[in-house]
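Reader: I should be grateful for a close look at one part of this model, with its neighbours brought in wherever they help. Please begin with a single strand and work outward from there.

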Amino acid sequence: MATSPADAGEKKSLILNAFVMMCSGHQSPGLWRHPDDQSWRFQDVDHWVQLAKLLESAKFHGIFIADVLGGYDVYKDSLDPAIISGAQWPVTEPLSVVSAMAAVTKDIGFGVTVSTTYEQPFHLARRLSTVDHLTKGRLGWNIVTSYLDSAARNLGREVQPPHDERYAMAEEYLEVMYKLFQSSWRDDAVKLDRAKGVYTDPQLVRRIDHKGKYYNVVGPHIVDPSPQRTPLLLQAGASKAGKLFAAQHAEAIFTSAHAPAVAKKNIAEIRQTAKEVFNRDPKNIKVLALVTPILGRTEEEALAKYNDYKQYASLEGALTLFGGWTGINLDQYGDDEELRQVESNAVKSTVEGYARFSPANSKWTKHTVAEHVSLGGNGPLLVGTPSQVADSLEEWVREADVDGFNFGYVLFPQSFQDIIDLLVPELRARGLFWDDYAVPGGTYRENFYGIAGQKYPLNEHVASKHLWTKEG
C-alpha cells in the first residue's frame, strides 16, 4: 500500500465539518436543558442560516447533517425514553433546510444523510439534483442503508431487509443513480435557443432503461445535469459489506470510534481494497473522524465546562441512543451489574471496547456506559486547551491516517464558536488548516479535493464511466 502523508511525516491540511442533526442535543442527549444551548431551535430556519454563516466565516469545508427514519425504541422496548429525553426525537428532514443555508453562503458544502432502502432512486435523484442546482454544486450525499427496525415498520416492512441484502440493494441503487446523474443527459443538452424555440436537444437526452433485481427505471432523468452531476459521496459503513461498498463508491468516509487504534484497521482495509479491487488511489478516499471538543483557554476552564455540562446530560437519553446504535437493551441488567461478566457476548465485547480506552473505570455498569456516551456519543470527548486538543487531533491523523474531523457539539452553537475562536487558530498555526477555500465559489467536490475544475467524480471513480460529455 502507498505511504500515507502521516507515515511520511507530511502535514495534512485537515478537512473540517460540523456534525449536526435536525433535532435537539444530537450526540449529547439532555444538553438542550442547558441555559446556553440553542439546539432545541432546530425547527427555526434562522437557526440553520446563522450556523452556516458562522461556519463559513471560519472556512469550514462543510456541514454534515445526520438523519434517521425511525425512533430509538430498543432501550426498555419502548419509544418513551427517546420521547421524554429528546434523544434524536423529534427529528425533521434535513434536505429541506439546505437551500436556505446555501442562499446566505458561497463556499461551504452540505452533506445530507439519505437512505437507499426506503426510497425509489428516480425520486431521490430528482431531489438531490434539484438541491445541487440550488446550491450551485455544494451538495454531498451521505449514503446509508438504515439500521433501525422502527424505520422499517413505518415504511412498509415488518423488519429491515437483512444487512448484506441492504448493501446489495444499495449497490444497484448507486448504479441507477450514476446512470441518471451522469449519462442520461449530455453536458450540452440544454440549448435555450430562443430564436429556434429549442429548450433542450432531444438527441442529447436518453433513457437509461435499467432493469435489475431490485429496481426497474426507464428514465431519462427528469432534471438536467447539475453543477456536480453526482453529489459528493460520503459513507459510514464499518461492516464487511459496508467497507467493500465504501472502497468502491465513497469519496469521504465518516468513522465513529473512541480511539484511533479502533479506526485504524478499518481505514487501512478500505484503502487497500480501493486500490487492489477498484484501482483507486487510496489517498482520494478521505476519512473524517467524529470528535467532540470541550475547549478552554486553560485546563481548568475546559474542565469546569465539562463538569457543568455533565449536570445536564441525560443518562436515559444516552442509554436510548446506545440501544439504537447497538441493538442492545441495557435495561435488562441491574444497576450495579458488571457488564463484562454477563452472558451476552455482544454486550461484553461492546463494553470491553469502551473499557479498553477508559482504564480509569474499573467497573462497567449500564450507568458507566451511559456516562461514557452521554457527552459526544460514540466518539471521543476531547477536553482541554487548544494545544491539548490539537495534539489529540494530530494523534488521530498520525495513528489512524484520518484526513479530517466531523466536530460534534455539546452546546449549540457555543461548541462551534469555541472551536472557531480557540481551536482553528491553533490548527492554522500548526499548518493543519487552510486560511481560505481552495476554490472560492467552487463546488463541494472542488473544495474537498482542492482542485479547481474537479466538479464531477474523479476519473478513477466508478461513476465516471457513465459520464456523457461532448467527447462521448
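Author:

**Strand 11 and its surroundings**

Ten of the ten residues of strand 11 are buried, so strand 11 is largely enclosed by the rest of the structure. The model is a predicted one, and the description below should be read with that in mind.

Strand 11 covers residues 286-295. In a regular strand the side chains alternate between the two faces of the sheet. Both faces of strand 11 are covered. On one side lie Lys 286, Leu 288, Leu 290, Thr 292 and Ile 294, and on the other Val 287, Ala 289, Val 291, Pro 293 and Leu 295; each of these residues is buried.

Which strands pair with strand 11? Strand 10 and strand 11 are joined in the parallel sense by four bridges, and within this pairing Ile 253 has Val 287 as its bridge partner in strand 11. Strand 12 also runs parallel to strand 11, and four bridges connect the two. Here Ile 294 stands opposite Val 383 of strand 12.

Strand 12, residues 381-384, presents a contrast between its faces: Leu 382 and Gly 384 make up a covered face, whereas Leu 381 and Val 383 make up an uncovered one. Val 383, the residue opposite Ile 294, therefore belongs to the uncovered face of strand 12, while Ile 294 itself is buried.

One residue of strand 11, Leu 290, is also touched from a loop, by Gln 27. Gln 27 is located in the loop between strand 1 (15-21) and helix 2 (45-57). Is Gln 27 buried or exposed? Its relative accessibility is 7%, under the 20% limit, and so Gln 27 counts as buried. Besides Leu 290, its contacts beyond four places in sequence are Phe 19, Gln 88, Trp 325, Val 373, Ser 374, Leu 375, Gly 376, Gly 377 and Asn 378.

From strand 10 the description can pass to helix 8. The buried residues of helix 8 pack against strand 10 (252-255), and also against strand 4 (139-144), helix 7, strand 9 (232-235) and helix 9 (260-276). Helix 8 is mostly covered, with eight of its ten residues buried. These are Ala 241, Gly 242, Lys 243, Phe 245, Ala 246, Ala 247, Gln 248 and His 249.

How do helix 7 and helix 8 pack? Helix 7 (residues 163-183) and helix 8 (residues 240-249) have axes 10 Å apart, at an angle of about 15°. The two helices are therefore roughly parallel to each other, an angle under 35 degrees being the criterion. The crossing of helix 7 past helix 8 is right-handed. On the side of helix 7, the contact involves His 163, Asp 164, Tyr 167, Ala 170, Glu 171, Leu 174 and Tyr 178; on the side of helix 8, it involves Ala 241, Gly 242, Phe 245, Gln 248 and His 249. Sorted by class, this contact has six nonpolar, four polar and two charged residues.

Tyr 178, a helix 7 residue in that contact, is also touched by Thr 230. Thr 230 sits in the loop between strand 8 (216-217) and strand 9, and counts as buried because its relative accessibility is 0%. The other residues that Thr 230 touches, beyond four places in sequence, are Phe 181, Gln 182, Arg 445 and Pro 457. Thr 230 and Ser 464 are separated by 234 residues in sequence, yet their C-alpha atoms are 9.6 Å apart.

The loop between strand 8 and strand 9 also holds Pro 220. The peptide bond from Gly 219 to Pro 220 is cis, with omega near 0°. A cis bond is found from Trp 89 to Pro 90 as well, with omega near -5°, and Pro 90 lies in the loop between helix 3 (80-85) and helix 4 (95-103).

Two residues in other loops complete the account. Lys 136, in the loop between helix 5 (121-134) and strand 4, has a positive phi of about 60° although it is not a glycine. Asp 401, in the loop between helix 14 (386-400) and strand 13 (404-407), likewise is not a glycine and has a positive phi, of about 65°. Lys 136 is exposed, at a relative accessible area of 62%, whereas Asp 401 is buried, at 15%.

Conventions. Residues are numbered from 1 along each chain as its sequence is written. This is a predicted model: local features need pLDDT of at least 70, side-chain atom pairs count only at pLDDT 80 or more; totals for chains, interfaces and linings use all residues. Side-chain values use heavy atoms; hydrogens and water are left out. Buried means under 20% relative accessible area, exposed over 50%, partly exposed in between (1.4 Å probe, protein chains only). Two strands pair if DSSP finds at least two bridges between them. Contact means heavy atoms within 4.5 Å. Axes are lines fitted to C-alpha atoms, for helices over the stretch in contact, and angles run from 0 to 180 degrees between N-to-C directions. Angles under 35 degrees count as roughly parallel, over 145 as roughly antiparallel, 65 to 115 as roughly perpendicular and the rest as oblique. A crossing is left-handed if the near helix is turned anticlockwise from the far one by less than a right angle, and right-handed if clockwise. Ala, Val, Leu, Ile, Met, Phe, Trp, Tyr, Cys and Pro count as nonpolar, Asp, Glu, Lys and Arg as charged, and the others, Gly among them, as polar.
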